[in-house]
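Here is a set of questions and answers for a reader new to this structure. Please look at the sequence and the model first.

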Amino acid sequence: MKRSCSILQSQGPRWLLLMGLMVLPQVARAQWKATVGAENRSMGHQALAFLPNEIWIHAGDNVTWTFNSVEIHTVTFLELAQVRLPFDVGCPGFASGETGSFDGSTCLSTAPLTKGQKFTVAFPAIGNFKLVCLVHQNMTGVIHVLSVGERLPHWQDFYDDEAAQQLKALLSDDDLDREQAQIAADHDDRNTNSVMVGMGEVTANGGGSRTFSVMRFMDAAKTIHAGDTVEWTNLDPATPHTITFGVEPMNPVFPVNAILDPDGALHGTISSAADSVHSGLVLATPQDQMFLPTPTLTVTRFRVTFTHAGVFPYICALHDGLGMKGKITVLP
Ligand SMILES: [Cu+2]
């Protein structure tokens, strides 16, 4: 007994060191969780957000992002000062598989991912790294990677609560619902044959920005008379949409069978159900041209004149999978 005690005493520091080495790798590889995007049951309300969007971890830790909406997103870490590229190009290129590593020296991006998919990033080096979604410009976050000796401000429970609160705030935005109802009423009063193409709101915290988007045509089913013109306007500050009748073009960016009116609206004409008319991307004029390959003025309004009676369904070519569809009924 005495002997074993004395062995432990004499070798104590070495044992402690060995035990420390056995424990350290577990501490250094803590596994954090976060989510990407969220939606309500109809998929018409979309939270374009990293939930949460600011996390403090230790060097050597992993973060696993779970994608939580049918709307696509990316988890992307660019190099310092790297120019952001279109989402179908990546940063450039996409990480293969479900894991990657980021230390700031080489960019890392998932492909556009959707509900149920996961991606895990290892952070071997300390630093403060900006997180972006290449699909949605107002969807950013930051991962703070501290050295192992630094104290972390929060644990996973805190982030789970924060994500749940942010999600609730984004998806139950009463102000936006009221605003939407008021604008719809105003449009009815003026009887302008106009359709709102989505609405949205960008909010932020210290970690970055997030967008709430209503991906629906408001007053989507309209009844008019032959010879009338319907006009669509996008009220979302960040999310582009299209108005697409007939065949969906391979590239949704550019208009098909529409010309520019002198007041800046694009204008198409439909005389039968066989006609195809496409708006291209309709969006509020952005600060930069990130969605567009050429520096042109964006399409802010789109109109179609219906010359004959019939029923004409239309979609948003970007978001029809979320249920963004409408119909114009033309009476004689
Ligand atoms: Cu859309």
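Strands, labelled E, are DSSP runs of at least two residues, numbered from the N terminus. Two strands pair if DSSP finds at least two bridges between them. The model discussed here is predicted.

Q: Which residue in E18 is the bridge partner of Thr244?
A: Strand E15 covers residues 244-245. E15 and E18 pair in the antiparallel sense over 2 bridges. The bridge partner of Thr244 in E18 is His278.

Q: Which strands stand at the edges of the open sheet with the order E13-E21-E20-E15-E18?
A: The open sheet has 5 strands and mixed pairing. An edge strand here has a single partner strand, so one side of it is left without a neighbour in the sheet. The strands at the edges are E13 (221-225) and E18 (277-278).

Q: How many salt bridges does a search of the whole structure find?
A: Side chains of opposite charge can pair when their charged atoms come close. A pair counts if a side-chain nitrogen of Lys or Arg is within 4 Å of a carboxyl oxygen of Asp or Glu. With the whole structure searched, the number of salt bridges is 7.

Q: How many residues apart in sequence are the parts tied together by Lys115 and Glu39?
A: Lys115 forms a salt bridge with Glu39, with 3.3 Å between the closest N and O atoms. Lys115 lies in the loop between strand E7 (108-109) and strand E8 (118-122), and Glu39 in strand E1 (residues 31-39), so the parts that the pair ties together are separated in sequence by 76 residues.

Q: Which residue of the pair Lys115 and Glu39 counts as buried?
A: Buried means under 20% relative accessible area. Lys115 has a relative accessible area of 46% and is partly exposed. At 13%, the buried residue is Glu39.

Q: Is Lys222 buried or exposed?
A: Lys222 forms a salt bridge with Asp219, the closest N and O atoms being 2.7 Å apart. Its partner Asp219 is partly exposed, with a relative accessible area of 36%. The relative accessibility of Lys222 is 11%, and the cut-off is under 20%, so Lys222 counts as buried.

Q: Which residues are joined into one network with Glu231 and Arg301?
A: Glu231 and Arg301 meet in a salt bridge of 3.9 Å, N to O. This pair links distant parts of the chain, with Glu231 in strand E14 (residues 229-235) and Arg301 in strand E19 (residues 301-306). Salt bridges that share partners add further residues to the network, namely Asp261, Asp263 and Arg303.

Q: How far apart in space are Asp88 and Leu134, C-alpha to C-alpha?
A: Asp88 is in the loop between strand E5 (76-77) and strand E6 (99-101), and at 57% relative accessibility it counts as exposed. In sequence, Asp88 and Leu134 are 46 residues apart. In space, their C-alpha distance is 8.5 Å.

Q: What is the spacing in sequence of the donor residues of the copper ion?
A: The protein donors are His241 (ND1), Cys316 (SG) and His319 (ND1), lying 2.0 to 2.1 Å from the copper ion. Written along the sequence, the spacing of these donor residues is H-x74-C-x2-H.

Q: What is the relative accessibility of Cys316?
A: Cys316 is one of the donors of the copper ion, through SG. Another donor, His319, is buried with a relative accessible area of 4%. Cys316 also counts as buried, its relative accessibility being 0%.

Notes. Residues numbered from 1 in each chain as written. Predicted model: local features only at pLDDT ≥ 70, side-chain atom pairs only at ≥ 80, totals over all residues. Heavy atoms only, no water. Helix = DSSP H or I, 4+ residues; strand = E, 2+ residues; numbered from the N terminus. Buried < 20%, exposed > 50% of the residue type's maximum accessible area, 1.4 Å probe, protein only. Donors = N, O, S within 2.8 Å, 3.2 Å for Na, K, Ca; no water.
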